Amino acid sequence: MDTTWRLLQSGPGESEFNMAFDEALLESMPRLGKPVLRFYGWTEPAASFGYFQKYNDVESATLLRPLVRRPTGGGIVPHDADWTYSLTFPTGNDWYSLRAEASYRRVHEWIQAAFARLDVPTELAARVRKAAPGQCFAGYEKSDVLWRGKKIAGAAQRRTRAGLLIQGSVQPPPLPLAKIDWQQAVCDVAVLDFGAQWAEFDPDTWLRERAEALAREKYAQAAYNQKR
């Protein structure tokens, strides 16, 4: 059985392109046929918010700008100092067949194990603790990653007929940690726990052009971001 997983280090991108590229990856799953782990950053401080959130509520809840609507659900996520990643899975992968709660827990067990490799003990939230409405990192959801009782990792998901997209954010604890070391730990855990064999991913012309089109025609448009 082919256990190849693809790894993409995108580097920093503009907010609309970051969201567009994740959606383009999801659309490409039937063609690519392999899971893709993407690490990326932000060219400027920004905040993303869930597909179903009301723009006026988001606008009043955070001072970060720009604001960009995600293709997934969830609350407001600050991207001023976080470690951002996405995972996309084709329908033939067992992640796709998991219920939402199970895939959410699995991805955070993965993140927890990566921190453990860096000698940072964390735990998964056993229950929900609500805080300000729509604020992703103010409280926590069940199975979020906690460090000393504070949420440091959350995610949002979307399943379509093309595949599964998970968008994740880590707000690293105030410890001497390097992002590159954490990213390597994430990859190492996938080898041990999922049998992943990593291959660097070079996006093809179709994927790049599709992401650019989505960024320009959808995620950069005020009409889209403010539609609710």
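This report describes the sheets, helices, cores and ring contacts of a predicted model.

**The eight-stranded sheet**

Eight strands make up an open sheet with mixed pairing, and their order across the sheet is 7-8-9-10-6-2-1-11. Strand 7 (123-124) and strand 11 (197-200) stand at the edges with a single partner strand each, so one side of each has no neighbour in the sheet. Strand 1 and strand 2 run parallel to one another and are joined by seven bridges, and within this pairing Leu7 stands opposite Leu37 of strand 2. Strand 8 and strand 9, by contrast, run antiparallel and are joined by three bridges, with Trp147 standing opposite Lys150 in strand 9.

Two helices can be described by the strands that they meet. Helix 4 lies across strand 1, strand 6, strand 7, strand 8, strand 9 and strand 10, and runs at about 140° to strand 9. Helix 5 packs on the sheet as well, where it touches strand 1, strand 2, strand 6, strand 10 and strand 11, and its direction makes about 165° with that of strand 2.

Is strand 2 enclosed by the rest of the structure or left open? Seven of its seven residues are buried, so strand 2 is largely enclosed by the rest of the structure. Both of its faces are covered, since the buried residues include Val36, Arg38, Tyr40 and Trp42 on one side, and Leu37, Phe39 and Gly41 on the other.

**Two nonpolar cores**

The largest nonpolar core holds 32 residues, and of these Tyr85, Trp110, Ile111 and Trp182 touch the most other members. Several elements give two or more residues to this core, among them strand 1 (4-13), strand 2 (36-42), strand 6 (83-90), helix 4 (100-117) and helix 5 (179-194). The surroundings of Trp182 show how such a residue is placed: leaving aside neighbours within four places in sequence, Trp182 is in contact with Phe39, Trp83, Tyr85, Ile111, Ala114, Phe115, Leu118 and Val170. A second core, separate from this one, has 20 residues, including Phe21, Tyr40, Trp42 and Tyr219.

Ser28 offers a view of a single buried position in a helix. Ser28 is found in helix 1 (residues 15-32), and its relative accessible area is 1%, which is under the 20% limit, so Ser28 counts as buried. When residues up to four places away in sequence are not counted, Ser28 touches Trp206 and Leu207.

**Aromatic rings and charges**

A pair of aromatic rings is described by the distance of the centres and the angle of the planes. The model has 17 aromatic pairs. In one of them, the ring centres of Trp110 and Phe194 are 5.0 Å apart and the planes stand at 75°, which is over the 60 degrees required, so the pair is edge-to-face. Because Trp110 lies in helix 4 and Phe194 in helix 5, this pair ties together parts that are 84 residues apart in sequence. Trp110 is buried, with a relative accessible area of 2%, whereas Phe194 is partly exposed at 24%. Trp110 and Phe194 also belong to one aromatic cluster, together with Trp5, Phe89, Trp95 and Trp198.

Charged side chains also lie over rings, and two cases are set out here.

| Charged residue | Ring | Distance to ring centre |
|---|---|---|
| Arg38 | Tyr40 | 3.8 Å |
| Arg228 | Tyr51 | 4.7 Å |

**The three-stranded sheet**

Another open sheet consists of three strands in the order 4-3-5, and its pairing is mixed. Strand 4 (67-69) and strand 5 (77-78) stand at the edges with a single partner strand each, so one side of each is left without a neighbour in the sheet. Strand 3 (residues 47-49) pairs with strand 5 in the antiparallel sense over two bridges, and the bridge partner of Ala47 in strand 5 is Pro78.

Where in the structure does Pro78 lie? Pro78 lies in strand 5, and with a relative accessibility of 21% Pro78 counts as partly exposed. Pro78 and Ala46 are 32 residues apart in sequence, while their C-alpha atoms are 6.3 Å apart in space.

Notes:
Residues are numbered from 1 along each chain as its sequence is written. This is a predicted model: local features need pLDDT of at least 70, side-chain atom pairs count only at pLDDT 80 or more; totals for chains, interfaces and linings use all residues. Side-chain values use heavy atoms; hydrogens and water are left out. Two strands pair if DSSP finds at least two bridges between them. Helices (H or I, at least four residues) and strands (E, at least two) are DSSP runs, numbered from the N terminus. Buried means under 20% relative accessible area, exposed over 50%, partly exposed in between (1.4 Å probe, protein chains only). Contact means heavy atoms within 4.5 Å. A nonpolar core is a set of buried Ala, Val, Leu, Ile, Met, Phe, Trp, Tyr and Cys residues joined through side-chain atoms within 4.5 Å. Rings of Phe, Tyr and Trp (its six-membered ring) pair if their centres lie within 6.5 Å; planes under 30 degrees apart count as stacked, over 60 as edge-to-face and the rest as tilted. A charge sits over a ring if NZ of Lys or CZ of Arg is within 6 Å of the ring centre and within 35 degrees of the ring normal. Axes are lines fitted to C-alpha atoms, for helices over the stretch in contact, and angles run from 0 to 180 degrees between N-to-C directions.
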